[in-house]
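This report describes a structural model in running text, with one small table. It goes from strand pairing to domains, single elements and the contact between chains.

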Protein chains: 2
Amino acid sequence: MSWHAADRTSYSQRVNDVAGLATLLGDRLVTHPDVLRQHGTDESYHAPQPPDAVAYPQTIDEIAVIVSECARSATPIIPFGAGTSLEGHVAASRGGVCIDLSRMNRVLEVRPDDMDADVQPGVTKNQLNAALRDHGLFFPVDPGSDATIGGMAATRASGTTTVRYGTIRENVLSMRVVLADGRIIRPSSRARKSAAGYDLTHLFIGSEGTLGIIGELTVRVVGVPEAIAAARCMFPSVEAAVRSVMETIQIGIPVTRIELLDEVQIDAVNRYSGRDYPVAPTLFYEFHGSERGVAENAESASGIAADNGGSSFDWATGQKEGAKLWDARHDAYYAALAVRPGSRGFATDVCVPISRLAECIVATQEDLRASGLVAPIVGHVGDGNFHLIFCVSEDAGELARVEALNDRLVRRALAMGGTCTGEHGVGYGKARYMREEHGDAMDVMAAIKRALDPAGILNPGKILYPFRPNK
Amino acid sequence: MSWHAADRTSYSQRVNDVAGLATLLGDRLVTHPDVLRQHGTDESYHAPQPPDAVAYPQTIDEIAVIVSECARSATPIIPFGAGTSLEGHVAASRGGVCIDLSRMNRVLEVRPDDMDADVQPGVTKNQLNAALRDHGLFFPVDPGSDATIGGMAATRASGTTTVRYGTIRENVLSMRVVLADGRIIRPSSRARKSAAGYDLTHLFIGSEGTLGIIGELTVRVVGVPEAIAAARCMFPSVEAAVRSVMETIQIGIPVTRIELLDEVQIDAVNRYSGRDYPVAPTLFYEFHGSERGVAENAESASGIAADNGGSSFDWATGQKEGAKLWDARHDAYYAALAVRPGSRGFATDVCVPISRLAECIVATQEDLRASGLVAPIVGHVGDGNFHLIFCVSEDAGELARVEALNDRLVRRALAMGGTCTGEHGVGYGKARYMREEHGDAMDVMAAIKRALDPAGILNPGKILYPFRPNK
């Protein structure tokens, strides 16, 4: 193996070396500059890094052929789903071929008896839910954007419903993966549990395309609940809100969603979504279950909120009102950006043990006030996870201040026993914190990377940066 | 590296090479034949294979020193918890040093606010629950024996409560692991979720001591529910019982336990535990929640059972009655053995998608009738997982027939999209099925093994058998 991190020109050359791809894919191998630019860009502030070509496979076997072809010339491969990642995961840091999986978007089979479904990796969350609706089922993982299921698995995504249904990790039963040499494996069956050998499925989940390309998935699905109730509750402080969340979870109330929006975010929502919510730290709740169960759980949660100085629950009655409430939460990112028209979003997230969460959020708010930067905070507080959405102008000095504050945030989370990212992933944006968070465990990650991808062609420059392939 | 699978004598020699261990451990390095025999034996029918010495570390740093010392002379290392494994996990197939973790049995810290606890690996399930009781908490993973938490993690154990709380996999947040070269890593923080890099924690879970020695764990704990209700219900057939389970789960009734005992097992329980349960396929249920929630859920489940021809629920009212009901379930293994005094237990388990479960159990019962062998069946049916407990005499011919039937069972489960073991693990007993189940994914497991343990000293002969270390 002799592939090195050299200048980009050599990779453009390399694409010529994989001329076999054009023969295979015809007009499904694209090199138009607009398409390249789009595929080097995600929803983050990270600088776009376009690939040299974009391939659109239609089957897992085609992915395997593309990978084999690229392996022959040690050409980098970058998988691409919906392009909604936030840490530069899709950047072609070293050029190469982007594998766009959006045309592999078929829901292959839904099995209501087994409460699972087979999907191609390019199926999006909303698309899967549309296919499940008639079966009375839904897919319970709910990130902020309409990501692909393959992308969610690759980045270990989660979202608002994790506190009840778990992250994507708990909701993928099985997958088929294309390895760096083009072989296809199925690392686990779709049995609900297994003690048969190493848990490779969970190793691929969150590996961000650096160990293999996910070409098919079997996911868990759950029944649409009989009743759903949603409510909003204001608190005198972040501490009071977080204390309510902790107590709600401790006594075992099966809340489906419990989300914090800080006063800055509430103000942004009011402006963007035309609401008139009181500007205070606010929890959004959702309960799933039977009519009676939901009512009882909501009553208990409401009692806990009141004990912590919360307002009375403002109910969103009916499905439409509930959806409207949650639309406000889902639009948080765009609302945040609208606070400062023309700004770009710089989203970051950390996750800490919940006992440290209020302290971490409050210290971050103090940092923000001291810096004069604007960044609404939203949190999946049941998990100890929260996000900042910085609204950054083109001013380079401002970006540097944002990065400095992000740096303090990550180091604070690590010092509290947390992680540098709860759900956005590492990409190249957070690769610099990996050694600090994981210590010598990084050597194990690098050893696994070398074992599975000795030439370093799979999404180079991500997670293990500055990973160096074998000489 | 030059360690080969040679004859055992050379390993006895090797123990002399690690004479430094005796200096370090004093009388905590034991070579008495009785102790060696006990440590080469688990609760299965697999032939005992004693190690050459047993080391009793008291701290993770001592584990690291033992491993470093063994690594120097390429001496095999076999971790040992409570010795309750069922597939020969503790067998010293190639001699070496057994690391008995039973003296590392301290509950280090319980954090009610974070709903987690730090434990040493030798803490047992019952011991942890005793330490949690005063906090109103419990550890929700419930295998059949009082295993150690380290052993449960190493073998990816689960048990009766998986349908509600998940397996050990969903309940370990973090761990400290001693690698094959003696380094100690912490592969994840104790944040509830993280998207920061490869999921090494889940790679070590279920790796059966072949990738590292788990020296400390942070586990999730949950609140003791306000109310618990337990019930028993007879069905006209296995199919009717399984259909009830599927429907109960599909409509989202949060049942905590739902266990099937077939007619043979019920008969065994009646004899062993002095009950007079009607001899028919029977489901044992348990519900956790609020008083009202439990009553509502039980009522719904009871309605589903009735629709499928089930008897009316026989309630175990009160905690004592409930415990008595579940004692009968927990004693299933010993009850099964008592059916045929003097016999040894040969326990096996498989797991299939639940839509195939009834078919798999019924075909297995037919196999049993045709063979004349005795083996009660118990199942964690909510997971699609069931066990056979063969009662085997000393007759070698009978053991061969049992193995043949087990073989058919495993192949049937694999053909149905299932796994050769839902929760007992691979050890060496099921290593022969790994290639059949995983195909080329076995090459990935072997590559990871080589990357993390190039000399092959960590629990050799398990999972990857016939794994060959690097020359």
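Two strands pair if DSSP finds at least two bridges between them. Helices (H or I, at least four residues) and strands (E, at least two) are DSSP runs, numbered from the N terminus. The model is predicted: local features need pLDDT of at least 70, side-chain atom pairs count only at pLDDT 80 or more, and totals for chains, interfaces and linings use all residues. Residues are numbered from 1 along each chain as its sequence is written, and chains are lettered from A and ligands numbered from 1 in the order in which they are written.

**Strand pairing**

Ala117(A) stands opposite Val219(A) in β10(A). The two strands concerned, β6(A) and β10 (residues 213-220) of chain A, pair in the antiparallel sense over four bridges. Four bridges also join β6(A) to β5(A), again antiparallel, and here Glu109(A) has Asp118(A) as its bridge partner. A hairpin is formed by β5(A) and β6(A), with four residues between them. In the turn, Met115(A) has a positive phi of about 55 degrees.

A residue is buried if 20 or more other C-beta atoms lie within 10 Å of its own, exposed if 12 or fewer, and partly exposed in between, with C-beta atoms placed from the backbone. In a regular strand the side chains alternate between the two faces of the sheet. Both faces of β6(A) are covered: Asp116(A) and Asp118(A) are buried on one side, and Ala117(A) and Val119(A) are buried on the other.

In chain B, an open sheet of five strands has the order β5-β6-β10-β8-β9, with antiparallel pairing. Its edge strands are β5 (107-111) and β9 (184-185) of chain B, each of which pairs on one side only. Within this chain, β8 (residues 172-178) and β10 (residues 213-220) are joined in the antiparallel sense over six bridges. Ser174(B) has Thr218(B) in β10(B) as its bridge partner.

Strand β16 (residues 344-351) of chain A has six of its eight residues buried, so it is largely enclosed by the rest of the structure. Eight bridges join β16(A) to β18 (residues 385-392) of chain A, and the two run antiparallel. Gly345(A) is opposite Cys391(A) in β18(A).

The pairings with a stated bridge count and residue pair are listed here.

| Strands | Bridges | Opposed residues |
|---|---|---|
| β5(A) and β6(A) | four | Glu109(A) and Asp118(A) |
| β6(A) and β10(A) | four | Ala117(A) and Val219(A) |
| β16(A) and β18(A) | eight | Gly345(A) and Cys391(A) |
| β8(B) and β10(B) | six | Ser174(B) and Thr218(B) |

**Helix α5 of chain A**

The buried residues of helix α5 (residues 125-133) of chain A are Lys125(A), Leu128(A) and Leu132(A). They cover an arc (taken from the directions from the helix axis to the C-beta atoms) of only 65 degrees around the axis, which puts them on the same side of α5(A). On the other side, Asn126(A), Ala130(A) and Arg133(A) are exposed. The cover over the buried residues includes β5 (107-111), β6 (116-119), β7 (137-138) and α6 (149-155) of chain A.

**Domains of chain A**

The domain assignment, whose bounds come from an automatic or database source, gives domain 1 (9-102), domain 2 (107-223) and domain 3 (225-425) of chain A. The centres of domain 1 and domain 2 of chain A, taken over C-alpha atoms, are separated by 23 Å. Residues are in contact if their C-beta atoms, placed from the backbone, lie within 7 Å. By this criterion, 16 residues of domain 1 of chain A are in contact with 22 residues of domain 2 of chain A. On the domain 1 side, α4 (60-72) and β3 (77-80) of chain A each supply at least two residues, and the largest share, six residues, comes from α4(A).

Cys70(A) is found in helix α4 of chain A. With 27 C-beta neighbours inside 10 Å, Cys70(A) counts as buried. Not counting residues up to four places away in sequence, Cys70(A) touches Val18(A), Thr75(A), Ile77(A), Val97(A) and Ile457(A). Cys70(A) and Ile457(A) are 387 residues apart in sequence and 8.1 Å apart in space, C-alpha to C-alpha.

**Contact between the chains**

The contact takes 77 residues from chain A and 77 residues from chain B. On the chain A side, α17(A) gives the most, with eight residues.

Notes: Contact = placed C-beta atoms within 7 Å.
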